Amino acid sequence: PRVRVYPFGVDLGAFTVAPGVTLPADLARIPRPRAGYVGGLHRHLATDWLAAAARTLPSVSFVLIGPRQADAPTGPLDALPNVHFLGQREHDLLPAYMSGFDVGLIPYELNAYTRSAVPTKLFEYLAARVPVVSTALPEVLGLPLGRTAIRIAHDAEELARAIRDFVEGPRDEAALAESRRVAQLY
């Protein structure tokens, strides 16, 4: 009876990026459009899906920011010219990096581990007004979104199509504003 659940949240102030913010130099050198991922590069990433999307969308730069863990199967991504590994960055720099993304990625495989994962980066992307493409994680599917800046991918083809829709289509400011309001709930 005295159990309290404190869900993961986001510091909205930290992820509110001022217009005209200067992009980090390493990101600024990478051509747009940019599909970005922030987080550990680990065995739960759907690297085969990411590699397929990168091959399908050669004009999109895939930017991966985070530490590479020993068990990370990044081999399918290593040789692709439009995939850029930037390594780990300090948390307080992430909003500036996210401001240079055209879409944020949560490309996790679906398994016992990720079925219970709460990707904090989701709320950071939403707070930074970055549209999101995610695999069908229960936490993402359970968000109270109507008009949404989140697309769900069930396979590599849907991942590529959702990224293409966000980078080639018009920016839906109303959906991004609603998504930011959802981030405020967390």
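This report walks through the largest pocket, the nonpolar core and a pair of strands in a predicted model.

## The largest pocket

Let's start with the open space. The largest pocket holds about 420 Å³, and 29 residues line it. If you want to find its centre on screen, look for Arg129, Val130, Pro131, Arg171 and Leu176, which lie nearest to it.

Two elements each give two or more residues to this lining: helix H7 (156-168) and helix H8 (173-184). H8 has the largest share, with 3 residues. As for the chemistry of the lining, 16 residues are nonpolar, 8 are charged and 5 are polar.

## The nonpolar core

Now for the greasy part. The largest nonpolar core takes in 53 residues. Phe62, Phe101, Leu122, Tyr125, Val133 and Ile163 have the most contacts inside it.

Val133 is a handy one to click on. Setting aside neighbours within four places in sequence, Val133 touches Val103, Gly104, Leu105 and Ile106. Its other contacts are Arg151, Ala153, Leu159, Ala162, Ile163 and Phe166. Ile163, then, is both a contact of Val133 and one of the core residues with the most contacts.

## Strands S1 and S2

Phe62, another of those core residues, sits in strand S2 (residues 61-65). S2 is mostly covered, with 5 of its 5 residues buried. Phe62 and Leu64 point one way from the strand, while Ser61, Val63 and Ile65 point the other way.

S2 runs parallel to strand S1 (residues 34-38), and 5 bridges join the two. To line them up by eye, use Tyr37, which stands opposite Leu64 in S2.

Key
Residues numbered from 1 in each chain as written. Predicted model: local features only at pLDDT ≥ 70, side-chain atom pairs only at ≥ 80, totals over all residues. Heavy atoms only, no water. 1 Å grid on protein atoms, 1.4 Å probe; cavity = no way out; pocket = protein on both sides within 12 Å on 5 of 7 lines; lining within 4 Å. Points joined across faces, edges and corners; volume = space filled by probe spheres on them. Helix = DSSP H or I, 4+ residues; strand = E, 2+ residues; numbered from the N terminus. Nonpolar A, V, L, I, M, F, W, Y, C, P; charged D, E, K, R; others polar. Core = buried A, V, L, I, M, F, W, Y, C linked by side-chain atoms within 4.5 Å. Buried < 20%, exposed > 50% of the residue type's maximum accessible area, 1.4 Å probe, protein only. Contact = heavy atoms within 4.5 Å. Pairing = 2+ DSSP bridges.
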